[in-house]
Amino acid sequence: IDEREREGYRHCTELSWQRIYTAGSVVDVELAGNRIITYLMEKLVNAVTRPDLNYSRLLLAKFPEQYDVTAPSLYGKLQAVLDHISAMTDVYALNLYRTLEGSSLPAV
């Protein structure tokens, strides 16, 4: 790679940070995403560590079968939570967050 290409790449990187990654709407989405993931982590970790609670039982019933939330070790349970969250699409995570927050209820 020659110096001109290196300078072009550096300029593109700098411009991207200035105009894309720190744009208000991008930062807003990133902040919201952080809040959603943090909330889901807290609720799901609490559910696998306290499965005796009614709320935990209800929440654990929503887990897809492929994730072993009843693993014998805490490590296995936490791995199931992490695997589930990391496999979520943005839309699924947002919908689950809204459901758990009570801001999106099914029609009755």
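Which residues is L100 in contact with, leaving aside its neighbours within four places in sequence? The legends below take this up in Figure 3, after two views of the predicted model as a whole and of its core.

**Figure 1. Overall view of the predicted model, with 5 helices and 0 strands.** Along the sequence the elements follow the pattern α-α-α-α-α. The C-alpha atoms fill a box of roughly 60 × 35 × 20 Å along the principal axes. The radius of gyration of the protein is 20 Å, whereas a compact globule of 108 residues would have one near 13 Å. Of the 108 residues, 22% count as buried. About 8,100 Å² is exposed, and carbon and sulfur atoms supply 58% of that area. The protein carries 11 positive and 14 negative charges, and the mean positions of the two sets are 7 Å apart. Among contacts with a separation of 6 or more, 45% are between residues 24 or more positions apart.

**Figure 2. The largest nonpolar core, made of 19 residues.** Within this core, L40, L44, F63 and M88 touch the most other members. At least two core residues come from each of helix 2 (24-49), helix 3 (54-61), helix 4 (74-87) and helix 5 (90-101). Helix 2 gives the largest share, 6 residues. Leaving aside neighbours within four places in sequence, L40 is in contact with I85, M88, A93, L96, Y97 and L100.

**Figure 3. Surroundings of L100 in helix 5.** The contacts of L100, leaving aside its neighbours within four places in sequence, are Y39, L40, Y55 and L59. L100 has a relative accessible area of 17% and is therefore buried, the cut-off being under 20%. I37 lies 63 residues from L100 in sequence, and the C-alpha atoms of the two are 12 Å apart in space.

**Figure 4. Surroundings of H84 in helix 4.** H84 counts as buried because its relative accessibility is 6%. Not counting residues up to four places away in sequence, H84 touches L44, F63, P64, Y67 and Y92. Two of these partners, L44 and F63, are also among the core residues that touch the most other members.

**Figure 5. L82, a partly exposed residue of helix 4.** With a relative accessible area of 40%, L82 falls in the partly exposed class. The pair L82 and L44 is 38 residues apart along the chain, and their C-alpha atoms are separated by 9.1 Å. L44 is the residue also touched by H84 in Figure 4.

**Figure 6. G8 in helix 1 (residues 3-21).** G8 is partly exposed, at a relative accessible area of 32%. The view also includes V81, which is 73 residues from G8 along the chain. A distance of 42 Å separates the C-alpha atoms of G8 and V81.

Note on methods
Residues are numbered from 1 along each chain as its sequence is written. This is a predicted model: local features need pLDDT of at least 70, side-chain atom pairs count only at pLDDT 80 or more; totals for chains, interfaces and linings use all residues. Side-chain values use heavy atoms; hydrogens and water are left out. Helices (H or I, at least four residues) and strands (E, at least two) are DSSP runs, numbered from the N terminus. The radius of gyration is taken over C-alpha atoms; the globule rule is 2.2 Å times the number of residues to the power 0.38. Buried means under 20% relative accessible area, exposed over 50%, partly exposed in between (1.4 Å probe, protein chains only). Contact means heavy atoms within 4.5 Å. Accessible areas come from the Shrake-Rupley method with a 1.4 Å probe; for residues, only the protein chains shown count as cover. Lys and Arg count as positive and Asp and Glu as negative; His and the chain ends are not counted. The place of a charge is taken as NZ of Lys, CZ of Arg, CG of Asp or CD of Glu. A nonpolar core is a set of buried Ala, Val, Leu, Ile, Met, Phe, Trp, Tyr and Cys residues joined through side-chain atoms within 4.5 Å.
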